[in-house]
Structure formats: structure tokens, C-alpha cells
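User: I have a model open and would like to talk through some of its charged residues and its odd backbone spots. Could you go through them with me?

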Amino acid sequence: MGAIVAVVGRPNVGKSTFFNRLIQRREAIVDAVSGVTRDRHYGKSDWNGKEFSIIDTGGYVVGSDDIFEKEIDKQVELAIDEADAIIFMVDVESGVTGMDEEVARLLRKVDKPVFLAVNKVDNAQRSTDAVEFYALGLGEYYPLSSINGSGTGELLDALVEVLPESEEEEDELPRFAVVGRPNAGKSSFINALIGEDRYIVTDIAGTTRDSIDTRYNRFGFEFNLVDTAGIRRKAKVKEDLEFYSVMRSIRAIEHCDVCLLVLDATRGFDGQVQNIFWLAQRNNKGIVVLVNKWDLMEKETNSVRDYQEKIKKQMEPFTDVPILFISVLTKQRIYKAIETAVEVYKNRSKKIPTRKLNDVMLPIIEHTPPPGYKGKYVKIKFCTQLPTPYPQFAFFCNLPQYVRDPYKRFLENKLREQFDFSGVPITIFMRKK
């Protein structure tokens, strides 16, 4: 793991704009509303050939009664604990505030390099005004402008000097995205897995607004877990802010390998959950369905079987998906959920040798050939798996245009029976031989 740098400060001083500049992507939400960044947000950056992770924290607010701000403060303290160096950002427009002094008091106790970044210094007058930040007792300050980048080079030059050497980075890790509608228990699920309150959890739907990575190592398998904002129906997305969050969740689905779809057992596999399911399926992602809050349900002898059948009916024709009944509160089957996700990941990256594929599939095709169409008969002579990140197969025949969808589904079902592609969408192409 490389060096970690935390960006801290009170709300609305420009931390997220600075973070986005360093990682060169619009990853953290930037909005004029204070308190937009609620969780710690991780990204990768490099300067002068030295790579480091950067954490964008929520704004630190001392002594607030606001439920989110109290949780944000805990997140900032966690980020400071994790970091190798800290960038304390202040705003030249506001000058030194009581809140800045409180954060400075906290940072003076920290035995780590602290860099005081005075933001929004984009003219000579503001450069003069920045002198007052010496009063915070943190030594030298770095005047900069997050929005246009001036002054960030000097700060980063000084920063990389004090960072520890990073170890060799291994191959990019698999990504498991925890998705679902708001308040299904996604953040609680990750907190229960990692055994610490890394994500803010409240009873208010929509607490998580960004998609955030957590490196996780268990069962001898290392991967990134991505907590996403809950995806609501379009009609219910009113705030601009929430729209960004939903877009970020959709992007998390697009860039992951396996989706852990968490649904609330008391609400069922409703229309919005189905939309998320089909979004993951259309993007050819591995899928594991986790029915959370199972401990709240009244159960009878066949409750699990009946609930499963109901879900599978709504998934048709893609029903080969693992469905687990979990309770985040009691930690029931949460580790089984991760084991299953790992299996689905392996299924998604499975490669079947061409010879073995033909030895298995051609006798099945010979026994049940494609039905005749308009007096024409299709002969399939050869099949192969395509070199793509997810399972795609090409079947070569004399008349590919006459192979209908029901027969393609038959081939898909036989592939699943023979080679175990549980939880993974399969694409079949008919090609001219």
C-alpha cells in the first residue's frame, strides 16, 4: 500500500475541488452547499514520479448538533489516523475562523507532517491577506487556488519529500460494488464486514452520496469493495446533489466486476431493485442478490424457497443468480455473501479451452439441433469462447440468421449446466462458417 494523504478542514473551503484536481477526475461531488462530502473519499495521485493515495474528508465542524456533522467529525478523525501526511485547507476569503483554530488545535497534537494550504489565493491582494494564517501556529503556509491550479505544484513538491516510499503496487484489484436502493443497508453491510464504522450510517435515506473504495482482504482473496449511493427512481431525484450521487452509483456499476445487490426483505424485489439488476446485467457484471433484514421477517417452513422463487420469477430469463438471505445487524451470512461474490468473480473470468468446449457442446447440439426455419436447416460445426473480460461465445454455422432466440437460450442453459457460470450473464453470437 502506498503513502496516504488526508485533506481536512472546515466545510466549503475547496477540499473536494483540490481532490478532483489531484486525481484528475470529477470523483468527489463539488457543490456550494456545505457538508456535501459526508464520507472519506479515496483516490490515487502522483507527483514527481511518487504515487500516493489521497483522502477527501467531510468538513470538520466542532460541537455541532447536526447528526451528519457529528458523524463527519468522526470520519475526519479516522482519516487523520490513517494518513501519513495531512493537508489542512483554509479559505483566504473568510480569513482565520474559530473553526479553523479548533482544527489547528487538533492537528498540533498529531505527530505527522501537516501542510497548511491557503485556498482561493488567485491575485496579489489575496496573497498578502494569506499572511494572517501564521496565527494558526502550524508554521509555513502554501497559498494556492484549487480551481485553477496555481500554487499546487509548490505544495506537492514539499508533500512528496516527506512521504514514505511506496511498495510495489500489485495488479489492479477486482472491484465489488455494493448497490441497491436507498436505506437497504449497503453501508452497514460494509461496516459489518470490515469491523469498523468506515461509512456514515443513519436512519435517513441517502446518507451515502459518493461511491467509495475500501480495500478488503479475506478468504485469501484481495479486492476493492465499493459502497454506492442508493439509486432511486428518476422522478424522486430532485436535488442536483442527489442526481450526481445516482450518476456516480451507475458509474460504479459500470466499472466493477461483481455487483452485490442489497435489497430490503420487507420491501421485496420491487421495480427499482429490478432496474438496478437489469442495469448490472446489461453491463455484463457478475451479480449476487443479498436479501437484507431477513431477521425482521416472519418465517414459515418454506419462507426462503417461496421468496427465492418470487425473485427468480421477476428475473426471468436470467435466473442463474445466487440469492442469499442475510442480516447485517446480526451479521448472519455476511461472510458467505463475500465468498459467493468471489466465486461469481471467478466464474466471470473463467476461460474454457476450445477443444473442451467443442467436446462437450457439439454432441449436445447434434442431439438437439436448431429447429428448421422456412425449410432451411442450420448446422453448427464449431464453437469458441471469445477473449473478452466476461463470458461470450461464438457458434459457427452455415445459416446464422436462422438461429432464433429460444435456441440461443437453450445453448446458454447448456453452457451453464456444464461449466457453472452462476451469477454471470452470457452472450452468444452465431457466426457464418
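**Arg416 and other points in the model**

Analyst: Let me begin with Arg416, which is found in helix H12. Please keep in mind throughout that this is a predicted model.

User: Is Arg416 buried or exposed?

Analyst: Arg416 is buried, because its relative accessible area is 10%, and the cut-off for buried is under 20%.

User: Which acidic side chain does Arg416 meet in a salt bridge?

Analyst: The partner is Asp320, and the N to O distance in this salt bridge with Arg416 is 3.2 Å. Asp320 sits in the loop between H9 and S12 while Arg416 belongs to helix H12, so the pair ties together parts of the chain that are 96 residues apart in sequence. Asp320 is partly exposed, with a relative accessible area of 23%.

User: And what backbone oxygen lies 2.7 Å from a polar atom of the Arg416 side chain?

Analyst: That is the backbone oxygen of Val424, at 2.7 Å from a polar atom of the Arg416 side chain.

User: Staying in helix H12, how far apart are Glu417 and Lys414 there?

Analyst: Glu417 and Lys414 are three residues apart in helix H12, which means that about one helical turn separates them. They form a salt bridge in which the closest N and O atoms are 3.5 Å apart. As for solvent, Glu417 is exposed, with a relative accessible area of 54%.

User: How many salt bridges are there by this rule?

Analyst: The count comes to 13 salt bridges, where the rule asks for a side-chain nitrogen of Lys or Arg within 4 Å of a carboxyl oxygen of Asp or Glu.

User: Which residues are linked in a network of salt bridges?

Analyst: Glu93, Asp122 and Arg126 are linked in such a network.

User: What about Asp257 and Arg348, where do they lie?

Analyst: The side chains of Asp257 and Arg348 meet in a salt bridge, with 3.4 Å from N to O. The pair links distant parts of the chain, since Asp257 lies in the loop between helix H7 (240-254) and strand S10 (258-264), whereas Arg348 lies in helix H10, 91 residues apart. Both Asp257 and Arg348 are buried.

User: Let's move to Arg404. Where does Arg404 lie?

Analyst: Arg404 lies in the loop between strand S14 (392-397) and helix H12 (405-419). With a relative accessible area of 39%, Arg404 is partly exposed.

User: What does the side chain of Arg404 reach?

Analyst: The side chain of Arg404 reaches the backbone oxygen of Gln401, at a distance of 2.9 Å. On the level of the backbone, the C-alpha atoms of Arg404 and Pro370 are separated by 8.4 Å, although these two residues are 34 residues apart along the chain.

User: Okay, surface charge next. Which residues form a positive surface patch?

Analyst: A positive surface patch is formed by Lys379, Lys381, Lys432 and Lys433. Of these, Lys381 has its place in strand S13 (residues 380-385), and Lys381 is partly exposed, with a relative accessible area of 48%.

User: Now the backbone. Which residues does a cis peptide bond join?

Analyst: A cis peptide bond joins Glu316 and Pro317, with omega at about 5°. Pro317 is found in the loop between helix H9 (303-315) and strand S12 (323-325).

User: And what is the phi of Asn284?

Analyst: Asn284 has a positive phi of about 60° although it is not a glycine. Asn284 is found in the loop between helix H8 (271-282) and strand S11 (286-292), and with a relative accessible area of 14% Asn284 is buried.

User: What about the phi of Arg333?

Analyst: Arg333, a residue other than glycine, also has a positive phi, in this case near 60°. Arg333 has its place in the loop between S12 and helix H10 (334-348), and at 37% relative accessibility Arg333 counts as partly exposed.

User: One last spot: where does Ile4 lie?

Analyst: Ile4 lies in strand S1 (residues 3-8), and Ile4 is buried, with a relative accessible area of 10%. The C-alpha atoms of Ile4 and Asp84 are separated by 5.3 Å, while along the chain the two residues are 80 residues apart.

Methods
Residues numbered from 1 in each chain as written. Predicted model: local features only at pLDDT ≥ 70, side-chain atom pairs only at ≥ 80, totals over all residues. Heavy atoms only, no water. Patch = residues over 30% accessible without salt bridge, like charges linked within 9 Å, V, L, I, M, F, W, Y side chains within 5 Å. Areas by Shrake-Rupley, 256 points an atom, 1.4 Å probe, with all protein chains shown as cover. Lys, Arg positive; Asp, Glu negative; His and termini not counted. Charge placed at Lys NZ, Arg CZ, Asp CG, Glu CD. Helix = DSSP H or I, 4+ residues; strand = E, 2+ residues; numbered from the N terminus. Buried < 20%, exposed > 50% of the residue type's maximum accessible area, 1.4 Å probe, protein only. Polar contact = N/O pair within 3.5 Å; in protein donor to acceptor, adjacent residues only side chain to side chain.
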